[in-house]
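Hi,

Here is the structure I said I would pass on. Have a look at it first, and my notes on what turned up follow below.

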Amino acid sequence: VAVTGRLSTWLSPPEPPLQSYAEHPAPRIGEGLQIVRQCMETLVAEAEAVGARTMFMLMPARFQVDDEDHGRLKEAVEAAGGRLVRDAATERFDAALAPLPVPRFDALPPLRAAGPDVFFQETVHLTPRGHEIIAAALEAFIRQQGL
């Protein structure tokens with residue numbers, strides 16, 4: 001962004017940040033989701049070929065769970081001329097993977113229900129409590145799916 005600001009007469013303006021969560025994402029987001037689905041199709045086929053089973057886990061961003069973090073990012077995206085849709089990336093990945101006959105576990109509901117202290121504020125990593133919540137929810141999902 002800093003470079004494009006200096007070279008604005010040569011280049012088009014930068015796109016707003018967090019495009020996978022944008023109301024109207026850049027075309028590269030849709031292209032990336034198609035690539036993800038193709039890669040996952042390959043993984044599923046390779047796993048089946050050796051007798052392994054596959055599942056997908058959708059992992060949310062910290063701001064999807066933490067209201068204060070979401071507020072800050074929403075303001076930043078709006079200042080850059082975009083609109084942040086909090087769960088857009090999760091919904092887009094879920095839709096892209098839906099045609100594949102593979103169970104999908106969405107970690108967002110159990111993390112959101114647990115509150116904002118499931119991610120470290122300094123990083124995008126789960127806290128020990130966040131790991132415990134995901135472990136319990138994932139175990140229940142795996143058992144429910146017969147995996």
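Before the notes, one cut-off: a residue is called buried when its relative accessible area is under 20%, exposed when that area is over 50%, and partly exposed in between. Also keep in mind that this is a predicted model.

**Overall layout**

The protein chain has six helices and two strands. Reading from the N terminus, the order is α-α-β-α-α-β-α-α. The chain has 147 residues, and 30% of them count as buried. If you take the contacts between residues at least 6 apart in sequence, 64% of them join residues at least 24 apart.

One pair shows what such a separation can look like: alanine 98 and arginine 37 are 61 residues apart in sequence, yet their C-alpha atoms are 9.2 Å apart in space. Alanine 98 sits in the loop between H4 and strand E2 (104-106). Its relative accessibility is 40%, so alanine 98 counts as partly exposed.

**Salt bridges**

There are nine salt bridges in the structure. As background, side chains of opposite charge can pair when their charged atoms come close. Three of these bridges I went through in detail.

Start in helix H3 (residues 67-79), which holds both aspartate 69 and arginine 72, three residues apart, or about one turn of the helix. Their side chains form a salt bridge, at 3.5 Å from N to O. Is aspartate 69 buried or exposed? Its relative accessibility is 6%, so aspartate 69 counts as buried. Arginine 72, on the other hand, has a relative accessible area of 46% and is therefore partly exposed.

Further along H3, glutamate 78 bridges to lysine 74, and their closest N and O atoms are 3.8 Å apart. These two are four residues apart in helix H3, so about one helical turn separates glutamate 78 from lysine 74. Both ends are partly exposed: glutamate 78 has a relative accessible area of 41%, and lysine 74 comes in at 33%.

The third is in helix H6, where the side chains of glutamate 139 and arginine 143 meet at 3.0 Å, N to O. Again the partners are four residues apart, so about one helical turn lies between them. Glutamate 139 is partly exposed at 41%, while arginine 143, at 62%, is exposed.

Back to aspartate 69 for a moment: salt bridges with shared partners link Arg62, Asp69 and Arg72 into one network.

Histidine 70 is in helix H3 too. With a relative accessibility of 14%, histidine 70 counts as buried. Beyond its neighbours within four places in sequence, histidine 70 is in contact with Phe63, Leu84 and Arg86.

**Nonpolar cores**

In general, nonpolar side chains tend to be buried together in soluble globular proteins. The largest nonpolar core here has twelve residues: Val65, Phe105, Ala107, Leu108, Leu111, Val118, Phe119, Leu126, Ile133, Ile134, Ala137 and Phe141. Two elements, helix H5 (108-114) and helix H6 (128-144), give two or more residues to this core. H6 supplies the largest share, with four residues.

A second, separate core has six residues, among them Val44, Phe56, Leu97 and Leu100.

Valine 65, from the largest core, is worth clicking on. Apart from its neighbours within four places in sequence, valine 65 is in contact with Pro60, Arg86, Leu108, Leu111, Arg112, Gly115, Pro116, Val118 and Phe119. Arg86 is on the contact list of histidine 70 and on that of valine 65.

**The largest pocket**

How much space lies in the largest pocket? About 160 Å³. Its lining is made up of Tyr21, Val36, Met40, Phe56, Met57, Leu58, Met59, Ala89, Thr90, Phe93 and Leu97. Of the lining residues, ten are nonpolar, one is polar and none is charged.

Helix H2 (27-49), strand E1 (56-58) and helix H4 (88-97) each give at least two residues to the lining. H4 has the largest share, with four residues. Phe56 and Leu97 appear in the lining of this pocket and also belong to the second core.

That covers my notes, so over to you.

Cheers

Key. Residues are numbered from 1 along each chain as its sequence is written. This is a predicted model: local features need pLDDT of at least 70, side-chain atom pairs count only at pLDDT 80 or more; totals for chains, interfaces and linings use all residues. Side-chain values use heavy atoms; hydrogens and water are left out. On a 1 Å grid over the protein atoms alone, a cavity is a set of points where a 1.4 Å probe fits but cannot get out, and a pocket is an open set with protein on both sides within 12 Å along at least five of seven lines; lining residues have an atom within 4 Å of a point. Grid points are joined across faces, edges and corners, and a volume is the space filled by probe spheres set on the points. Ala, Val, Leu, Ile, Met, Phe, Trp, Tyr, Cys and Pro count as nonpolar, Asp, Glu, Lys and Arg as charged, and the others, Gly among them, as polar. A nonpolar core is a set of buried Ala, Val, Leu, Ile, Met, Phe, Trp, Tyr and Cys residues joined through side-chain atoms within 4.5 Å. Buried means under 20% relative accessible area, exposed over 50%, partly exposed in between (1.4 Å probe, protein chains only). Contact means heavy atoms within 4.5 Å. A salt bridge is a side-chain nitrogen of Lys or Arg within 4 Å of a carboxyl oxygen of Asp or Glu.
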